Amino acid sequence: MIKTANVQGFKINLLKYAEALDFVKISLDNGENIQIVTINPEMIEAAKQNPSFADVLKYSELVVPDGVGIKLALKFKGIEQEQIRGVDFAQSLIELSEQNGYKLALIGAKPEINQKLAEVLKEKYPKLNIVYHHDGYFQNEDEIINDIKNSGANLVFTALGAPKQEFFNAKLKSTLQGVASIGLGGTFDVLSGSVALAPPIYRKLGLEWLYRTIKQPERFKRIFPTLPLFLFHSIMEAGSKIKD
């Protein structure tokens, strides 16, 4: 049983990076259905206003702290948990897939980004088995899910943005068998080389979000005031626990 903590009413799994990777591998090897959420403050704030989204997060098998805000919220509670960045975790899952022959599907992003990602990965990982890929601009989810089923994919990366990717993955989990899915937001942009990975100093300080906001100013409205509000709520939550 994986340990969990509660952040503003939402569960976060407490485990090391390698343990999270092992959990996915064991699930894939056993043919289990799992949904992986790379959670960040924006998702929690959105889920507070959307009960259906909150349920998806609640029933996901693995919820890892992607955003540094989640790591800070846990730290306010005296819990030291390493940040498991979505882009790093995706990279590890790709390597795991190549080593173990898992069948990968890539769903999401703009058409040119999706195509470029498939090409980049095939060149970098010659033994990687990408059995299906499709951009995020589709109307018929059932058609895409059926294509995934027919492809035989057992690991699905989705980059549709939250909460759309989480709803899609939940539907995937309830429809197919033996599939692990993970929502990865803007990770396809980075893995395809279309957007530069944050420099080491930003990553060390947990400021990837700031670097991406500088490079993509349109992200500003999404992060502010959501991130400061989330941290304020986290401080208040931790303070109330101390008083109790």
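**View 1. A109 sits in the loop between strand 5 (103-108) and helix 6 (111-124).** Like every view here, this one comes from a predicted model. Look at the backbone of A109: phi is near 70°, a positive value in a residue other than glycine. Is A109 buried or exposed? With a relative accessibility of 15%, A109 counts as buried, because the cut-off for buried is under 20%.

**View 2. Q8 is another loop residue to visit, found between strand 1 (3-7) and strand 2 (10-14).** What is the sign of phi at Q8? Phi is positive, about 55°, although Q8 is not a glycine. The relative accessible area of Q8 is 14%, so Q8 is buried.

**View 3. A cis peptide bond links A162 to P163.** For this bond, omega is about 5°. To find the spot, follow the chain out of strand 7 (155-159) towards helix 8 (164-175): P163 lies in the loop between them.

**View 4. Strand 3 (residues 34-39) is largely enclosed by the rest of the structure.** Why can we say so? Of the 6 residues in this strand, 6 are buried, and therefore the strand counts as largely enclosed. Try looking at strand 3 one face at a time. I34, I36 and T38 are buried on one side, while Q35, V37 and I39 are buried on the other. Both faces of strand 3 are thus covered.

**View 5. Strand 3 pairs with strand 8 (residues 180-183) in the parallel sense.** How many bridges join strand 3 and strand 8? There are 4 bridges in this pairing. A handy place to start is V37, which stands opposite G183 in strand 8. V37 also belongs to the buried set described for strand 3.

**View 6. Strand 3 also runs parallel to strand 4 (residues 62-65).** Here, 4 bridges join strand 3 to strand 4. Which residue of strand 4 stands opposite I39? The residue to look for is P65. I39 itself is buried.

**View 7. Helix 11 (residues 208-215) has buried residues that pack against other helices.** Which residues of helix 11 are buried? They are E208, Y211, R212 and T213. Now see what surrounds them: the buried residues of helix 11 pack against helix 9 (187-191), helix 10 (200-204) and helix 12 (220-223).

Conventions
Residues are numbered from 1 along each chain as its sequence is written. This is a predicted model: local features need pLDDT of at least 70, side-chain atom pairs count only at pLDDT 80 or more; totals for chains, interfaces and linings use all residues. Side-chain values use heavy atoms; hydrogens and water are left out. Buried means under 20% relative accessible area, exposed over 50%, partly exposed in between (1.4 Å probe, protein chains only). Helices (H or I, at least four residues) and strands (E, at least two) are DSSP runs, numbered from the N terminus. Contact means heavy atoms within 4.5 Å. Two strands pair if DSSP finds at least two bridges between them.
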